[in-house]
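Student: Could you take a close look at one helix pairing for me, and then set it in its wider surroundings? I'd like the cut-offs spelled out as you go.

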Amino acid sequence: MGKSSEPQNEMLKGTLDMMILRTLVGGDAHGHTIAKVIERTSEEILEVEQGSLYPALHRLEDRRWVSSYWGASENNRKAKFYRLTAEGRKQLVRETSRWRQMTRAIGLVMGEEGGAQ
Amino acid sequence: MSWMRFLHRKRSDSELQDEIDTFLTEETADNEARGMSPDEARRQARLKFGNAQKVRESLWVQNTPQQLAGIARDVRYAFRTLSRTPGFSIIAIAVMALCLGAATSLFTLVRSVLLRPLPFRDAARLVMVYEHFRGGELSYHPVAPADFYDWRSKTHGFEDMAVWRYDGYNLTGVRNELPESVPAAAGSSNLFSLLGVQPALGRDFTEADDQRGSAVVMLTWSVFERRFAGNAKIVGGQIHLDGRRYTVVGVLPSWFKYPDDRIQLWVTYKANASPEMLQHHDWHGSYVVARLRPDVSLANAIAQVGAVQYQNHLLYPHDPVAEDVVSRSLNEDLAGDVKKPLTLMLSAVGCMLLIGCLNVANLLVARGAARQKEVAIRSALGAQRATLIRGQIAESILICTAGGLGGILLSLGATRWLAKTWKDLPTAQSIHMDGSVIALACALMFTAALIAGLLPALSTTGKSMLKALETSVRTGSSSVARTALRKSLLTAEIGITVVLLVAAGLLLKSFLGLRSVNVGCVTQNVLTLNYGLPGKKYDTAEKQNAFNEALLARVRAMPGVRGAALGTTVPGTGYWGTDEFTVKEHPPLKAGEHLPDALSRWADPGYFSALGIPLVSGRFFTSDERVARSYKVIVSRRFVQQYFAGDNPIGKHLHVPGRAHDGAPNLVDWEIVGVVGDTLYQVGKEPKATMYFPILEGRSGAMLVVHTATDPLQFSAPLEKQIASLDPELPVSDVLTMNQIIGASLVNASLSATLVLAFAVLSLILASVGLYGVLSYLTTQRTSELGIRMALGAQRDQLLKLMLMDGLRPALFGLGLGLVMSFAATRIFQSMLFGTKPLDPVVLSGVIATLLAVAVLACLVPAWRASRINPTQALRTE
């Protein structure tokens, strides 16, 4: 059931959407690529739970922040590609600025150097 | 958007599977690139992805609105529970279908007849004005034309007033097509504009049309379609009425069925009325429709008319001129006598619906008891009370929805049947189900579902529910409250049943009384038919008599004919007309005193012997008493009792102002030559004093009455042939047996009695099923207790008595309650009863006996079963 990963999951819930949107800024991608990019960019610290990735993608699509189409993957396989919409780009800006405020605030409380920037 | 997701969740699930496949292949490819073996690569990919099923599930949940899923689950669960006990489900659904179907049908009738506004312009301001003789009961007396003209010219409370009367014609085409006798009406030229009716074709009557001798006619849609094939060319064309040429000026719209749907055509009011008739204040035969001014109150407007009428009354002290007027809305006027039986039926159906609900509730309580533990466990596992109640109501909603749909289908047929069977339902507008009736049916359905579902649901999910887990079933103590609930439901059910039974019993007794009433003449094997001799061809009394007598002679010569008579009508056909009279030999009446009146009938010399009406004294008419020598009259026994107390009436003279002979207007005295037995003009009414005038004075319309040796209907064709051989153009109408005529006047009484009886029997069955159910349940509940009693030495018949009394107690309570309620309820329809009264001992004892017998029967089976329990087995029962 993966109970141990649940707290981490909860914590990531708000941020996963944001990270997916951020990943798509670099261009359209399918689920596997998105997961891979997030993991690689975070230097393998973050592990994307597939159990939350796909529901998140569908949720973002419902909110019209991403759109999707079926295309061919790098290995020439049928894959569902996601693309950032204009609405999604705005949402990304909002989320990013909120995230910055949040990390700064937490940083201040924790007395870290990064918070003072 | 969430709905879109919900509707597309299947597709999005399959897309997700594709995506998952893509992921797995991509990951496998990556892993292979890292140098793993293909199998290991695939395994690692799967490991990395985790549980694909869980991803699909979470997306599925994300796409499903949660409350909806809960409801769907409840419904599915209820459906499964119901289909596990098909017997129970079918009974419950059938009960609800019957109850809801009956309720919907009756509501359709009530709405069409009493509630729906008439299709006329601003119909709320339309009233009917009648004359009213003070002193008697409130009666709606038809209006004399002279009174109407005074009202119209001398009062200002109404925008306008119009007048019409019933009429009838022989309709033939201009090229001598088949003749047909058609009911018609004669209306003043402003009638249709007053009602706000535009002709569908052609034009309305104009003021200039409404003159004596005018020959214009408006067709109703039904005759236009039927007789003229809906050909619009008939407008402006000509038809023959009673041999006279009439121009068709217009066709009325198809929805126009005022005053009823029998009327086929309209002529103008004055067209066939002599100036003398129009000046009469005692020619009561017309109906007045008036449209109230918006700024005047009805009371005010009617008071003005009443004042004018009182003046007329003072002006003609010796004529039957009413002192006062009364009014009622057009809607109420059309509903007339139907209102009361209709309301009665509706209440009966309401009672039945309530019993149905209580019964389904009762059955559900029983099931609820059986599921007590399940409910307790679910609630222990955290189910909320609302969820549990919702789950239980789902069952009753399913039952009621299925029942309601069945009921609507049922009532489609039932409504049509009722509208057809119920004579004299006003048909000014069509009776059919529409959106609002179906909406009401649905509302009833859900109310029923709530009543039937909420009661048991609340009782099984109360706070005490957890006790079910603590207490063992053996004690059975937790069910006491629920048993009390079931018993009180049952008491209510039986109480209402008793009210219905009493009502049905009274109506049935009235109907049986009506059926066995002796109308005072032969009724078996009697055929009657009407014909009217057209005035153009038969213009003298001699020509009319020649035809009538020739016909009588031919009919009497037919084999199988016991007797034939000619009159204007036969007993049992209705009131027809009365005439005022004075007895010449009696002292004159005081000023202001009412003139006595009696029913007027016409008869040929053989009329009384052919119909078996006994001669009391004097003699019948002779065939010599005709035309100018016809000033003889025969009166009924009631007439003599009323106006010749102790006197010998034979040889006295009646002065009848309304029956002045055409040839000799001053000669209005009629000599009484005979007294005959009483007959009833209508079944269910008291006999009324009657005068019989000789038909040989010359009359154009007559009813031929034939007393036959065998089935009279076999004679209808030969009789019509006889008439055709005398005059092929003569139309014959209303070929009916005497039993049909009397039966028709009983049809409504029989319908009320049958329907209410059907409702009552159904309720009785429902109540006994309820009684049986409760007692069976109690027996199972008390099995171990009964076992202990037996082990301690209780005898079987003691147990039988114990259980029987337990079941009979609610029945007895219900009986008492029902009797008290029915005392109040039956008073309401007292006027519908004939030869019985609300506290009829026969009916009441019958009801009590029936109910007790059914109750004992319903209780006996479970009580017997309880007394046969094997004690050791009972003690072992958990």
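Tutor: Let's start with the crossing: helix 2 of chain B passes helix 3 of chain B in a right-handed crossing. A crossing is called right-handed if the near helix is turned clockwise from the far one by less than a right angle, and left-handed if anticlockwise. Helices here are DSSP runs of H or I with at least four residues, strands are runs of E with at least two, and both are numbered from the N terminus.

Before going on, a word on the source: this is a predicted model, where local features need pLDDT of at least 70, side-chain atom pairs count only at pLDDT 80 or more, and totals for chains, interfaces and linings use all residues. Residues are numbered from 1 along each chain as its sequence is written, while chains are lettered from A and ligands numbered from 1 in the order in which they are written.

Back to the pair. The axes of helix 2 (residues 9-33) and helix 3 (residues 38-49) of chain B come within 8 Å and cross at roughly 130°. That angle makes helix 2 of chain B oblique to helix 3 of chain B; under 35 degrees would be roughly parallel, over 145 roughly antiparallel, 65 to 115 roughly perpendicular, and the rest is oblique. The axes are lines fitted to C-alpha atoms over the stretch in contact, with angles from 0 to 180 degrees between N-to-C directions.

Who touches whom? On the helix 2 side of chain B the residues include B:Phe23, B:Leu24 and B:Glu27, and on the helix 3 side they include B:Ala41, B:Arg42 and B:Phe49. Contact means C-beta atoms, placed from the backbone, within 7 Å. The residues of this contact between helix 2 and helix 3 of chain B divide into 7 nonpolar, 3 polar and 5 charged. For that split, Ala, Val, Leu, Ile, Met, Phe, Trp, Tyr, Cys and Pro are nonpolar, Asp, Glu, Lys and Arg are charged, and the others, Gly among them, are polar.

Helix 2 of chain B also has a role in the contact between chains, which takes 20 residues from chain B and 17 residues from chain A. Helix 2 and helix 4 (52-62) of chain B each supply at least two residues of the chain B side, and the largest share, 11 residues, comes from helix 2 of chain B. The chain B side divides into 7 nonpolar, 6 polar and 7 charged.

Zooming out, chain B has 27 helices and 22 strands, and buried residues make up 42% of its 878 residues. Buried means 20 or more other C-beta atoms within 10 Å of the residue's own, exposed means 12 or fewer, and partly exposed lies in between, with C-beta atoms placed from the backbone.

For another helix in chain B, try helix 24 (residues 783-791), where B:Ser784, B:Leu786, B:Gly787 and B:Met790 are buried. They cover an arc of only 160° around the axis, so they sit on the same side of helix 24 of chain B; the arc is that of the directions from the helix axis to the C-beta atoms. Their cover includes helix 25 (796-828), helix 26 (841-867) and helix 27 (871-876) of chain B. Just after helix 24 of chain B, B:Gly793 takes a positive phi of about 110°.

Methods
Contact = placed C-beta atoms within 7 Å.
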